[in-house]
Amino acid sequence: MHLRSFLSTALALTLLFVSTGSRATLYAQRRTVSLLLFNGKVFTSDARGTVAEAVAIDGERIVAVGTNAEIRAAYAGARMIDLKGRLVTPGFNDAHIHFLGGGRSLLLVNLMGARTLAEAKERVATRVREVKPGAWILGRGWDHTLWGGQWPTRADLDAVAPRNPVFLQRVDGHVSWANTAALKLAGVTRETKAPQGGEILRDAGGEPTGILKETAGGLVGRVVPGMTREEKLEAINRALAEARRYGITSVQDSISGYDTLALYRELLTQGKLTVRVSEWLDFSQPVAELKRQREEFGALKVDPLRIRITALKGYVDGTLGSRTSAMLAPFSDDPHNSGIPRMSPEQLTSMIVERAQAGFQITLHAIGDKANRMALDGYETVKRDFPKSYWKSSFPYQGLTVLQIASPRHRIEHAQVVAPSDFARFRDLGVIASMQPSHAISDKRWAEDRLGEYRVQGAYAWHTMKAFGVHTPFGTDWPVEPINPYLGLYAAVTRQSTEGDPAGGWWPQQRVTIVDAIRDYTSEGAYASFEEHNKGQIAPGMLADLCVHTRDLLTIKPEEILQTEAALTIFDGRVVYERDVQNK
Ligand SMILES: [Zn+2]
């Protein structure tokens, strides 16, 4: 016990002894709660940055936070955990994740980190040896920028998989790489035209090379056999195990699919759903269908703090890595290419207006400065032409009327490259910039080539966003990046690769403090899903979702953040994960 807390305990006891006169009376006054954490360093994530020592939890809620003396004088825990000085924060809230896709990625051919084309091919060849001829081989995670930047071809895959259809997603999920067998099954030939918002790469003779960008990937994607119920459940269970391991207690889940909600419910009933899910439906669906889904799900009366439908997720463009992000001016390293907007500005605005009018929160994937502007223009139209829907959103939500929402909290996902004049518009329109710090340290190898020295200064601009007063919840975009939130915290405070490049950080003026980064991973995430009154802080009345860390993130050197792990994950007042750590 620290001397100071010992003294305050002694003082508190003395006062109690004086006032009550007996130890028996002292204990009789203590309320028994289900779980008591003490001797910790409790970062509450509140606005003042309060640090406490102990937390009393009863059932699913936090009942008290304070010094060891205060809490132990007032509460007895059915279970007591001595944190031995460790840091505890609210559980991580991953504000942008593909939960089903992430879990599935653990079951597919993993091409993440393949440093050469040969290595990627070898990983595919390994799977070919394990499956029957004709069986689909699916994978993801390849990154041609690690191999010199040339797009791979179907011939590369045919060499290792002549008898199996192969379909592999790039690390960003925005470009597909198919072999000849897969193209054949999908009926993609030299005559096939690319769908709107997509591109089919062709060789000099006009034959598809096997690279399908953006929506063109769907030409093959639609003939890939869907996941069975069992496969989906396995993927979700794998994802849940990963979340527990990393102290993640809430996820904002990008279009795992309306049907997947039934699986989440099933796991909830079985007591196995160890994250709170805020699900995003597909923005591109017709409004009538979206309303139907919202009504049908609402009628099930699922606890909205466990599973809720929040935003509609749409795509305005592609990615910087694939040069498919929509830019106001061409890429600096590709002067005839300004990327691929998924739709026209008029089309986007009318879809936004229609869905906002129906009371939905909207969130749009926008990477390029043009895509960000298109999204902001759409939100501005809603605010200007339909101020009632924008500012007085009180809509029925699962039987409750949600009041006092000053803004519908529309969001932009990634907000990766933003024109200087557009930062203030995020604030003025109340638009949330949902950002994923690990993207910056993955992309910095080529981002400046793509953007040039001027535009890059408005890229991954977390600090600028904060300076403008914009809400910036953090997430990972798993499986595009690893699910590990410590990697995100590290990226946010260093802007360096995991090897420490460059010294001092890449455009270091955009770094944020560790305190802000933790808030972005906790309280800011709660704000983004309208749940800041229930989670995101360690405070009385809040849900008891907590993470105990193996190291003190607030004081260690930034490089040590990468070695930090979740020692204990507490979800809904229960310990759901405990790492076997030596007492220090
Ligand atoms: Zn994503």
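**Strand pairing, zinc site and helix 12**

Trainee: What makes strand 10 (residues 137–142) and strand 11 (residues 166–170) a pair?

Mentor: Two strands pair if DSSP finds at least two bridges between them; five bridges join these parallel strands, so the criterion is met. Within this pair, Arg 140 stands opposite Gln 169 of strand 11. Strands (E, at least two residues) and helices (H or I, at least four residues) are DSSP runs numbered from the N terminus. The model is predicted, with local features requiring pLDDT of at least 70 and side-chain atom pairs 80 or more, while totals for chains, interfaces and linings use all residues. Residues are numbered from 1 along each chain as its sequence is written, and side-chain values use heavy atoms, without hydrogens or water.

Trainee: Why are His 96, His 98 and Asp 477 called donors of the zinc ion?

Mentor: Donors are N, O and S atoms within 2.8 Å of the metal (3.2 Å for Na, K and Ca); water is not among the atoms, so sites may look incomplete. Here NE2 of both histidines and OD of Asp 477 lie 2.0 to 2.1 Å from the zinc ion, and therefore qualify. His 98 and Asp 477 occupy separate loops, so the pair ties together parts that are 379 residues apart in sequence. Both residues are buried (under 20% relative accessible area with a 1.4 Å probe, protein chains only; exposed is over 50%, partly exposed in between).

Trainee: How do you know that the span of helix 12 (residues 345–357) agrees with expectation?

Mentor: The expected span is 1.5 Å times one less than the number of residues. Its 13 residues should span 18 Å, and the end C-alpha atoms are 18 Å apart, so the values agree.
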